[in-house]
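This report describes how strands, helices and aromatic rings are arranged in one protein chain. Please keep the sequence and the structure in view while reading.

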Amino acid sequence: MPFGEREDELWGVLKPVFRPRVFGDPNLAYAKHLFDQTGSFRSGGGSVATRADSRAVLARVVRRAPEVLAKVTGRKKGAEHLGAHLAYIGRHGEIAVETRDGEVIADKGELEQLAQEWSEPLTWRERATVSAVAMVFSMPEGTDAETVRQAAREAAARMLGDNHDYLMALHTDTPRPHVHLTVQAEGLDGRRFDPRREDLFKFREAFAEALRSRGVECEATPRWTRGQGRAGTSMALAQMREKIRRGVSRQPTE
């Protein structure tokens, strides 16, 4: 029998088998984890929350309360890289940089010395090692900047404790008040600070709780609960576009 007459039968034998994957509604899954306190994103940084607290979270989501932002903006390797970052967040001496203990550093030389101190214990490693992790805590336009600073400090103290040294600087040069938090990667006990997705979620929750305790209504929920399937523009791309806008660079960004 000619091949053409059996083509349908041959295709029926050789065609790939497709097994569709069935996904549940992520919002329903989040609500279930919130009420049952299960899953990677259980609230309260590991503490048990009541169902009343869970209902309050869902109510804020329905009211579209402003979402807090807490994210890692980079990892600094070596004293030179870290020193340049500290000079940036301090605006080369124009903005005061606060230590973990609340002391204010306005001298660029002191920041360079700190960059050396945080990087020296890592010089024995064969490869370039992260000296510090840079983070940003931000709130929408109109939020009181001092409240954002206090909430970011409380969140850092709660999540980092005394094991990791850190520096922070408040920036108000954009519509969104934000705090730059730079955390020493090497802890006193030798553990490395390397925040993952679940860790960032807990940072956001701690930041949101600190803001709410100061009278600022806000929430920290996963992106898909707000109908956002994709993350926003990366920090590197945003900085590159800003350089092009100011004429510093002409590198294409498409």
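Two strands are said to pair if DSSP finds at least two bridges between them. By that standard β2 and β5 are paired, since 2 bridges join these antiparallel strands. The model discussed here is a predicted one.

**The sheet**

Strands of a sheet pair through backbone hydrogen bonds, and the pairing may be parallel or antiparallel. In this model, 6 strands form an open sheet in the order β1-β4-β6-β5-β2-β3, with antiparallel pairing. At the edges lie β1 (69-77) and β3 (104-105), each of which pairs on one side only. Helix α6 packs on the sheet and touches β2, β4, β5 and β6, while its direction makes about 160 degrees with that of β5.

Strand β5 comprises residues 166-171, and 5 of its 6 residues are buried. On one side, Met 168 of β5 is the bridge partner of Glu 98. On another, β5 pairs with strand β6 (residues 178-184) through 6 bridges in the antiparallel sense. Here Ala 169 has His 180 in β6 as its bridge partner. The strands β5 and β6 form a hairpin, with 6 residues between them.

Strand β6 is also joined to strand β4 (residues 130-138), by 7 bridges and again in an antiparallel arrangement. Within this pairing, Ser 138 has His 178 of β6 as its bridge partner.

**A residue of helix α6**

Where does Ala 152 lie? It belongs to helix α6, which spans residues 145-160. Ala 152 counts as buried because its relative accessibility is 3%, and the limit for a buried residue is under 20%. Leaving aside residues up to four places away in sequence, Ala 152 touches Phe 137, Met 168, Val 179 and Phe 207. The C-alpha atom of Ala 152 is 8.8 Å from that of Ser 138, although the two residues are 14 apart along the chain.

**Aromatic pairs**

A pair of aromatic rings is described by the distance of the centres and the angle of the planes. The count for this model comes to 3 aromatic pairs. Two of them are listed below.

| Pair | Centre to centre | Angle between planes | Arrangement |
|---|---|---|---|
| Phe 137 and Phe 207 | 5.2 Å | 75 degrees | edge-to-face |
| Phe 193 and Phe 203 | 6.1 Å | 75 degrees | edge-to-face |

The pair of Phe 137 and Phe 207 links distant parts of the chain: Phe 137 is in strand β4 and Phe 207 in helix α7 (residues 197-212), 70 residues apart. Phe 137 counts as buried, at 0% relative accessibility, and Phe 207 is likewise buried at 0%. In the other listed pair, Phe 193 lies in the loop between β6 and α7, and Phe 203 lies in helix α7, 10 residues apart. Phe 193 is buried at 11% relative accessibility, and Phe 203 is buried at 2%. Ring pairs link Phe 137, Phe 193, Phe 203 and Phe 207 into a cluster.

**A loop with positive phi values**

Arg 91 lies in the loop between α4 (78-89) and β2 (97-99), and His 92 is found in the loop between α4 and β2 as well. Which phi value does His 92 have? Its phi is positive, about 55 degrees, although His 92 is not a glycine. Arg 91, also a residue other than glycine, has a positive phi near 50 degrees. Arg 91 is partly exposed, with a relative accessible area of 21%, whereas His 92 is exposed, with a relative accessible area of 57%.

Key. Residues numbered from 1 in each chain as written. Predicted model: local features only at pLDDT ≥ 70, side-chain atom pairs only at ≥ 80, totals over all residues. Heavy atoms only, no water. Helix = DSSP H or I, 4+ residues; strand = E, 2+ residues; numbered from the N terminus. Buried < 20%, exposed > 50% of the residue type's maximum accessible area, 1.4 Å probe, protein only. Contact = heavy atoms within 4.5 Å. Axes fitted to C-alpha atoms, helices over the stretch in contact; angles between N-to-C directions. Phe/Tyr/Trp six-rings, centres within 6.5 Å; stacked < 30°, edge-to-face > 60°.
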